[in-house]
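Here are a few short exercises to work through with the model open in your viewer. Try each task yourself before reading on to its solution.

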Amino acid sequence: SASQCFPVLPGAPRAGGGGTGIPSGCGKGTALCLPPPRSCRGPAVPAGGQTTMNVEHEISLLVEEIRRLGTKNADGQVSVKFGVLFADEKCANLFEALVGTLKAAKRRKIITYQGELLLQGVHDNVDIMLL
């Protein structure tokens with residue numbers, strides 16, 4: 001959808017570039033153009049399930065990191081403390097939103113941990129267990 005252009009009163013500051021103060025695509029006598037609202041520009045996420053694929057990829061990276069940092073219990077399950085995962089430099093660089101990735105993995109029953117939301121400091125001793 002097209003930009004919306006609004007007339008500006010004489011003497012008002014002008015937007016845009018090129019020295020004219022009138023952005024390209026605006027009609028004569030206008031000076032302010034705004035992009036269409038987000039709702040008119042289509043989805044923020046690329047079509048084709050790109051986001052789902054990225055989440056799946058992040059979860060697979062998370063599983064690798066839990067295996068790298070974690071220890072096996074008597075039942076053979078691998079677990080790691082949230083604080084260890086959160087403080088790890090490699091994890092900090094890998095995961096833009098570690099807590100979000102943990103929630104997504106828990107929803108898919110790939111991992112489990114106590115509670116709904118993990119916060120640094122408060123939940124450092126919470127075990128994150130691979131299922």
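A residue counts as buried when its relative accessible area is under 20%, as exposed when the area is over 50%, and as partly exposed in between. Please keep in mind that this is a predicted model.

**Exercise 1. A glutamate in a helix**

Task: Find where Glu65 lies, decide whether Glu65 is buried or exposed, and list what Glu65 is in contact with beyond its neighbours within four places in sequence.

Solution: Start with the location: Glu65 belongs to helix α1, which covers residues 50–69. Next comes the accessibility: the value for Glu65 is 3%, so this residue is classed as buried. Finally, look at the contacts: leaving aside neighbours within four places in sequence, Glu65 touches Leu85, Asp88, Lys90, Cys91, Leu94 and Phe95.

**Exercise 2. Putting the sheet in order**

Task: Work out the strand order of the open sheet and say which strands stand at its edges.

Solution: Take the pairs one at a time. β3 is joined to β4 (residues 78–81) by 2 bridges, and in this pair Lys72 has Val78 as its bridge partner. β4 is in turn joined to β6 by 3 bridges, with Ser79 opposite Met129. β6 also pairs with β5 over 2 bridges, where Thr112 stands opposite Met129. Put together, the 4 strands run in the order β3-β4-β6-β5, with antiparallel pairing. β3 (71–72) and β5 each have a single partner strand and are therefore the edges, with one side lacking a neighbour in the sheet.

**Exercise 3. Two faces of a strand**

Task: Sort the residues of β6 into a covered and an uncovered face.

Solution: Begin with the general rule: side chains in a regular strand alternate between the two faces of the sheet. In β6, Ile128 and Leu130 make up the covered face, while Asp127 and Met129 make up the uncovered one.

**Exercise 4. Two loop residues**

Task: Describe the backbone and accessibility of Lys109, then the surroundings and accessibility of Leu119.

Solution: Lys109 sits in the loop between α4 (98–107) and β5. Its phi is near 60 degrees, a positive value in a residue other than glycine. For comparison, most residues other than glycine have a negative phi. With a relative accessible area of 64%, Lys109 is exposed.

Now move to the loop between β5 (111–112) and β6 (127–130), where Leu119 is found. Leu119 has 40% relative accessibility and so counts as partly exposed. Together with Leu117 and Val122, Leu119 makes a nonpolar surface patch of about 280 Å².

Methods: Residues are numbered from 1 along each chain as its sequence is written. This is a predicted model: local features need pLDDT of at least 70, side-chain atom pairs count only at pLDDT 80 or more; totals for chains, interfaces and linings use all residues. Side-chain values use heavy atoms; hydrogens and water are left out. Patches are made of residues with over 30% relative accessible area and no salt bridge: like charges are joined within 9 Å, nonpolar side chains (Val, Leu, Ile, Met, Phe, Trp, Tyr) within 5 Å. Accessible areas come from the Shrake-Rupley method with a 1.4 Å probe; for residues, only the protein chains shown count as cover. A salt bridge is a side-chain nitrogen of Lys or Arg within 4 Å of a carboxyl oxygen of Asp or Glu. Buried means under 20% relative accessible area, exposed over 50%, partly exposed in between (1.4 Å probe, protein chains only). Two strands pair if DSSP finds at least two bridges between them. Contact means heavy atoms within 4.5 Å.
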